[in-house]
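Q: I have a model with several chains open on my screen, and I'd like to learn how to read it. Could you walk me through it?

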Amino acid sequence: MTTFAIYSITAVVLFCVGLMGLAVHPNLLRKIVCLNIMAGGAFLFLISLAYNSQGPEMDPVPQAMVLTGIVVAVSATSFALCLTRMIKERTGQCHLEGSDKDKDN
Amino acid sequence: MNLFEILSIIFCLCGGFFFLGGTVGLIRFPDTYSRLHALTKADNLGLGFIVLGLIMVSSSMPEIVKLILIWLLALIGSSSACYFIGNHMHQSNKPQSIQDESDF
Amino acid sequence: MNLIFDLIIAVCLVGISMRIIFARGHFQAIVLFITYGLFLALAWTRLNSPDIAIAEAAVGAGLTGVLLMDTLGAIKTSEEKKMRIKVPLKLAVMSIVLVIVLGYSALQIPSDFSGLSLTVHNAMPLSGLEYSVTAVLLDFRSYDTWLELGVLLTAVIGVLTVRRRNSLTGSALPAPAEPVGRWIIKILLPFMVIIGGYLLWLGAFAPGGAFQAGVVLAGAGVMLWQAGHPCLAVLSNSSWRLLLCLGFSTFLILAASSLYYADQMLTHPQIKAWILGIEYAATISIAICLISLIQASPNSKLDKVS
């Protein structure tokens, strides 16, 4: 058991939990939260790889990519939330049409 | 192991104890006001002890100043957050039974 | 000892993510998501990435939490019933299989690769910076940062467009805060500005840099806005737009000028001013864009003019 093993397995589990939640939840807000969980898992995997690499120091390229990715993730999230509000305003409910039979919000 | 390191371990354990107390209070206390009380008082004291413990083993003056600054900022932050939550509760006059908050 | 700490963080992360999925109320899920962000920040610290830890604590836990809460307030219905989440058996089995397959292949990755750290290490003298992550962000892979600023700007334009077309509410200045709110601004705002500047300065030789400074400043701006302080709203419409585009257009100008002088995009002469210009413009632009994402635009005039 190494730090790399622990964090890479955690990252995989987080990604799959997020994916499962994305499929299960009819509500758009919850879907966006689940997408963010998936993003966290992907970032964690990248950084655990960088942590595991041999070299004079820790690989800075994945770190820079994740820093960029965090800002991109928050901009995508905010646009998605804005679209959710628009859907709510237009249709009065915030889940996708046909995504689930029961109409609980 | 010199005196400062032993003192540092003792202070950090004290801090951990107060954090534990604050968390137990947050879970076990019945209403929002007493939960806020547990969180802000016990946790700030715990953080203070941990900062004190870290100061014992820190090597340079800027490090000590930064540690104290962290504690002061956390104090300001948690006391005003406590005020906002308490004020909101007070104004909305929510019933403070344990059932009301059970899912949180 | 460190492994125990890693295991605790890992178990907490997985547990929190499961609870987010199975939480019955949306509010509970959002609060748990903020906790998830903070645990991720701890994991970044353990993985020797303090840069990402700062950004995650400010953006992943802070700003995303504000965004989610804001949306929850706007879309909440009064008769929202709490639902129980049922996971179909097929989906659960598929997820477990996916975990096993991905986890197995993750453990098969050989550990004797060096990645790009050696390449970056050898190229460090060329960049004129002493800290490798900042050098990658602002010099070696400045394309990434440039396009990232483009994505951020596009998101802001998208949010503004959707808001205006549908006249969604929520961008008016909140009511002025009570004395405690004003007091906390007076104390915390100077600290946050100083910390932002400190992080920016630190980025040349230690963890810190444009991204972290930008997100800390954005946090300060959001705090100002939420407390109803009018100082961001007095900025005129055009100057706000100018600040929004500042980072992207600085990169554009520098890329065009380097194409003119050196026949290659974004290669730079050995002067500090180049990197500093990019860094300052990126910081201000990231801060302003993130603030705009949260309140669409602090200048409510932007919403009125159509």
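**Reading the chains and their contacts**

A: Sure, let's begin with the helix and strand counts: chain B has three helices and zero strands. Read along its sequence, the pattern is α-α-α. Bear in mind that this is a predicted model.

Q: How many helices and strands does chain C have?

A: Count the elements in the same spirit. Chain C comes to twelve helices and zero strands, and from the N terminus on its elements run α-α-α-α-α-α-α-α-α-α-α-α.

Q: What share of the residues in each of these chains is buried?

A: Burial is about how many neighbours crowd around a residue; here the cut-off is 20 or more other C-beta atoms within 10 Å. In chain C, buried residues make up 41% of the 306 residues. For chain B, 12% of the 104 residues count as buried.

Q: And how do I read the contacts inside a chain?

A: Look at how far apart in sequence the partners sit. Take the contacts in chain C between residues at least 6 apart: 72% of them join residues at least 24 apart. In chain B, residues 24 or more positions apart account for 66% of the contacts with a separation of 6 or more.

Q: Which residues have the most contacts inside the largest nonpolar core?

A: A core is a connected set of buried nonpolar residues. The largest one here has 122 residues, and those with the most contacts inside it are V33(A), I47(A), I20(C), L63(C), I286(C) and L290(C). Helix α2 of chain A (residues 28-52) gives the most to this core, with 16 residues. The core also draws at least three residues from each of domain 1 (1-73) and domain 2 (116-306) of chain C.

Q: Can we zoom in on one of those residues? What does L63(C) touch?

A: Leave out residues up to four places away in sequence, and L63(C) touches V74(A), A58(C), A218(C), V222(C), L290(C) and I294(C).

Q: How many residues of domain 1 of chain C are in contact with domain 2?

A: Eleven residues of domain 1 are in contact with 13 residues of domain 2. The domain 1 side of that contact divides into eight nonpolar, one polar and two charged residues.

Q: Now the helix pairs. Why are α1(A) and α1(C) called roughly parallel?

A: Compare the N-to-C directions of the two axes; angles under 35 degrees count as roughly parallel. Helix α1 of chain A (residues 3-24) and helix α1 of chain C (residues 2-22) pack at an angle of about 0 degrees, with their axes 9 Å apart. The two helices are therefore roughly parallel to each other. The residues of their contact divide into 14 nonpolar, six polar and one charged.

Q: Which residues meet there?

A: From α1(A), they include I6(A), L14(A) and V17(A), while those from α1(C) include L3(C), L7(C) and L13(C).

Q: How many residues does the whole contact of chain A with chain C take?

A: The contact takes 65 residues from chain A and 80 residues from chain C. On the chain A side, α1, α2 and α3 (60-91) each supply at least two residues, and α3(A) gives the most, with 24 residues. By class, that side has 39 nonpolar, 19 polar and seven charged residues.

Q: And where does chain C touch chain B?

A: Eight residues of chain C are in contact with six residues of chain B. Helix α8 of chain C (residues 179-202) provides the largest share of the chain C side, five residues. That side has five nonpolar, two polar and one charged residues.

Conventions:
Residues numbered from 1 in each chain as written. Chains lettered and ligands numbered in written order. Predicted model: local features only at pLDDT ≥ 70, side-chain atom pairs only at ≥ 80, totals over all residues. Helix = DSSP H or I, 4+ residues; strand = E, 2+ residues; numbered from the N terminus. Contact = placed C-beta atoms within 7 Å. Core = buried A, V, L, I, M, F, W, Y, C linked by C-beta atoms within 7 Å. Domains from an automatic or database assignment. Axes fitted to C-alpha atoms, helices over the stretch in contact; angles between N-to-C directions. Parallel < 35°, antiparallel > 145°, perpendicular 65-115°, else oblique. Nonpolar A, V, L, I, M, F, W, Y, C, P; charged D, E, K, R; others polar.
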